[in-house]
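Subject: Structure handover

Hi,

Here is the structure I promised to pass on to you. Have a look at it first, and then read on for what I found in it.

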Amino acid sequence: MGLGDESGPYPALREPVRPLSPEVRTGIAASAGIAVGQAFVIDRRRQPTPRRHLLPEEITAELVRLDEAVALADMQLERLKRKLKESDESDSSVILEAHQLILRDEHLLGPTRRRIRDEKLNVEWALRKTVAEIQQRFDAIDLPYFRERKSDVAFVGEQVLRNLLDASGGNVWQPPLGAVVVAHDLSPADTVHLHRHQIAAIITDAGGRTSHTSILAQAFGIPAVVGLEDITEAVGAGDLLIVDGNRGEVMLCPSQSTIDDYKQQARTEHADIAKLLAERDVPAETTDGVRIRLLANIELPDEVPLALEYGAEGIGLYRTEFLFLDRDDFPKEEEHFMHARGVLRRVAPYEATFRTFDLGVDKVAPFLHRIAGAHPQGSEAEPNPALGLRSLRLCLKEPSFFKAQLRGLLRASVAGTMRIMFPMVSGVEELSEAIAILDQCRRELQKEGIAFADNIPIGVMIEMPSAVMVADHLAQLVDFFSIGTNDLIQYSLALDRLNEHVGYLYQPLHPAVLRMVKHTVDAAHAAGRRVGMCGELAGEPLLTVVLLGLGLDDLSMNAASLPRVRRLLRQLSASQARTLAEEVLKLPSAVQIESVVRQRLAGMLGEDPAWAGLLHPGRRTAKSSPA
Ligand code: PEP
Ligand code: MG
């Protein structure tokens, strides 16, 4: 995007266009549900510069945004300059020095601030106008020196603008109500933004079942199909689409009778959910009296009411980082305190499990630029973010940032029942270090006379094979375990969870995965610790019987999965499930395990028609021929 471009907004939706022939595309079923709507295509290369007039009360914040984006650009130039000097390219670093001078020059900043203050233009618009004005002045002087300065000014302006757009997550799209968003890929921050526009569905070229975009789509109840590889090439703005998030299919140019079939199917689904919700208060207890606690995963505090409505008995995983993904300054202790207190009050009398920051990879906040090596994009790009400076290791590297969260959580703990959980722990050293920082925060608060609960259970996520192998040692340091299968599968099967090209290798029933779960459960129980699961597997009905048999105490999942898992558990026997688990743990492949699980489940459920889709996945549940 060039500053001189007048890239306008996206074209408004036009009359639905039908391609010549109907077509079905198959991708990865990322979030359940069916939607029919017109395509809203997002093309990042055409990302417009947002332009809007400010309300008087927004002016101060906009001036701060300008200062922060300029400071960040200055830091980025400084880093680049250092790198050039280290590689003996000191001549080129002179150019960067010139850019820094332009960046601090009042000719650039003064008029931009004036435009924000007096003309009430948002900062991107104000900056673009100022740059264009300076360039015009240079144009009037026909000397090579000034022509070059003109491109320097454009470069500097571009850098600041990019920082501003990054800081807002680059989210400037305005899809109409009920649109099907079509994109190459979406970040979690994009998804949060799009959710606010009440879109009907999401379909993307890239992504995997356990990418955080998919997880958010599930949380928001937005049907999604990802990993469609080239759907952005096949769909135009305004095309009519059917998205089947249950089967991972997208229908292009559907006939009217197909649309009618799918609308009927969606109505049937809604009616089924309504029936399931009527049972939300019955305990998730097996036919032989084993009680499993069903908890919800949430990404934002606003999800708490829905989680409770779906029958959650608490929050098993609150992914605390999502609230701050659009921020370019470090979240403050006070903010952590306020948000945590709000969640605890809403969840009461149940408990809420706060996972400390798990930033990095696809959960990228602009403020990560402030921690060297932590931002997976930009000038210090991390070539392998899943193995880089993310999650707990990032927090340990930046203790003041980490302490702000821990102090905020501790202070909020008196408002309800809190558990704290550390993610991405590789072994006892990291865990001990995290616990030591938490203890330090406790001591500080004590000295300051600030109250906090003294019995907060501390837990660890088991999501690395190394953690599984030392689970017995970890169990000595904490009160509970929660198995994060999304990452555990990624790291044990060497399978990037964001990469659609290896999505077919995602095998929750891989014998290695099941054996790791068993090993972890046994280590926890041997130490008298409770063990749960909060990865996506916890909400997969086909896995429920296996997880029950493996001995998990808690299952934490996206709220929408709770009613089905509850109903299923109430129809299963724990002793039969244990026999099944013993049997499948001896089998050599995921394919064989899946086949045995389906056979045994059919025996246990007695061909109950309510579970036909689970037992016979190939069979369509509604009469419909695609397209
Ligand atoms: C997991 O890895 O299974 C998990 C629950 O954490 P996240 O999906 O946020 O990485
Ligand atoms: Mg994880």
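Are glutamate 463 and aspartate 487 buried or exposed? Both of them are buried. Please keep in mind throughout that this is a predicted model.

I started with that pair because of the metal site. The magnesium ion (ligand 2) has Glu463 (OE) and Asp487 (OD) as its protein donors, at 2.0 to 2.2 Å. Glutamate 463 belongs to the loop between β13 (458-462) and α15 (465-469), while aspartate 487 sits in helix α17 (residues 485-492), so the two donors tie together parts that are 24 residues apart in sequence.

Strand β13, which comes just before that loop, is worth a look as well. Of its 5 residues, 5 are buried. On one side these are Ile458, Val460 and Ile462, and on the other Gly459 and Met461, so to speak a strand with both faces covered. Strand β13 pairs with β12 in the parallel sense over 3 bridges, and methionine 421 stands opposite glycine 459 there.

Now the barrel. It is closed by 8 strands in the order β9-β10-β11-β12-β13-β14-β15-β16, with parallel pairing. From one strand to the next, the twist averages 25 degrees. To see one pairing in detail, take strand β9 (residues 293-298) and strand β10 (residues 315-319), which pair in the parallel sense over 3 bridges. In that stretch, asparagine 297 stands opposite leucine 317 in β10. Helix α11 (residues 333-347) lies across β10, β11 (351-355) and β12 (417-422), and runs at about 150 degrees to β11.

There is also an open sheet. It has 8 strands in the order β1-β8-β7-β3-β4-β5-β6-β2, and the pairing is mixed. At its edges are β1 (23-26) and β2 (28-31), each of which pairs on one side only. Neighbouring strands in this sheet are turned by 30 degrees against each other on average, direction ignored.

Within this sheet, β4 is a good place to zoom in. Strand β4 (residues 180-183) points Val180 and Val182 one way and Val181 and Ala183 the other way, and all are buried. Strand β3 (residues 34-42) runs parallel to β4 and is joined to it by 4 bridges; β4 and β5 are also parallel, with 4 bridges between them. Valine 180 has alanine 39 opposite it, and its bridge partner in β5 is alanine 201. Further along, strand β5 (residues 201-204) pairs with strand β6 (residues 224-226) in the parallel sense over 2 bridges, with isoleucine 203 opposite valine 225. Helix α7 (residues 212-220) lies across β2 and β6, at about 50 degrees to β2.

Which residues have the most contacts inside the largest nonpolar core? They are Phe422, Phe481 and Leu555, in a core of 142 residues. Helix α22 (residues 590-605) gives the largest share of this core, 8 residues. Domain 1 (23-42 + 173-276) and domain 3 (281-461 + 534-615) both contribute to this core, so it lies between them. As for leucine 555, if you leave aside its neighbours within four places in sequence, its contacts are Ile292, Arg293, Leu294, Leu295, Met533, Ala538, Leu547 and Val565. Apart from this core lies another, of 28 residues, including Leu66, Leu77, Ile134 and Val156. As a general point, nonpolar side chains tend to be buried together in soluble globular proteins.

One residue you might like to colour is alanine 61, in helix α1 (residues 59-86). Alanine 61 counts as partly exposed because its relative accessibility is 45%. Its C-alpha atom is 9.9 Å from that of valine 123, and the two residues are 62 apart along the chain.

Finally, some overall figures for your notes. The protein chain has 23 helices and 16 strands. Of its 627 residues, 55% count as buried. Among contacts between residues at least 6 apart in sequence, 70% join residues at least 24 apart.

Happy browsing, and best wishes

Methods
Residues are numbered from 1 along each chain as its sequence is written. Chains are lettered from A and ligands numbered from 1 in the order in which they are written. This is a predicted model: local features need pLDDT of at least 70, side-chain atom pairs count only at pLDDT 80 or more; totals for chains, interfaces and linings use all residues. Side-chain values use heavy atoms; hydrogens and water are left out. Donors are N, O and S atoms within 2.8 Å of the metal (3.2 Å for Na, K and Ca); water is not among the atoms, so sites may look incomplete. Buried means under 20% relative accessible area, exposed over 50%, partly exposed in between (1.4 Å probe, protein chains only). A nonpolar core is a set of buried Ala, Val, Leu, Ile, Met, Phe, Trp, Tyr and Cys residues joined through side-chain atoms within 4.5 Å. Domain bounds come from an automatic or database domain assignment. Contact means heavy atoms within 4.5 Å. Two strands pair if DSSP finds at least two bridges between them. Axes are lines fitted to C-alpha atoms, for helices over the stretch in contact, and angles run from 0 to 180 degrees between N-to-C directions.
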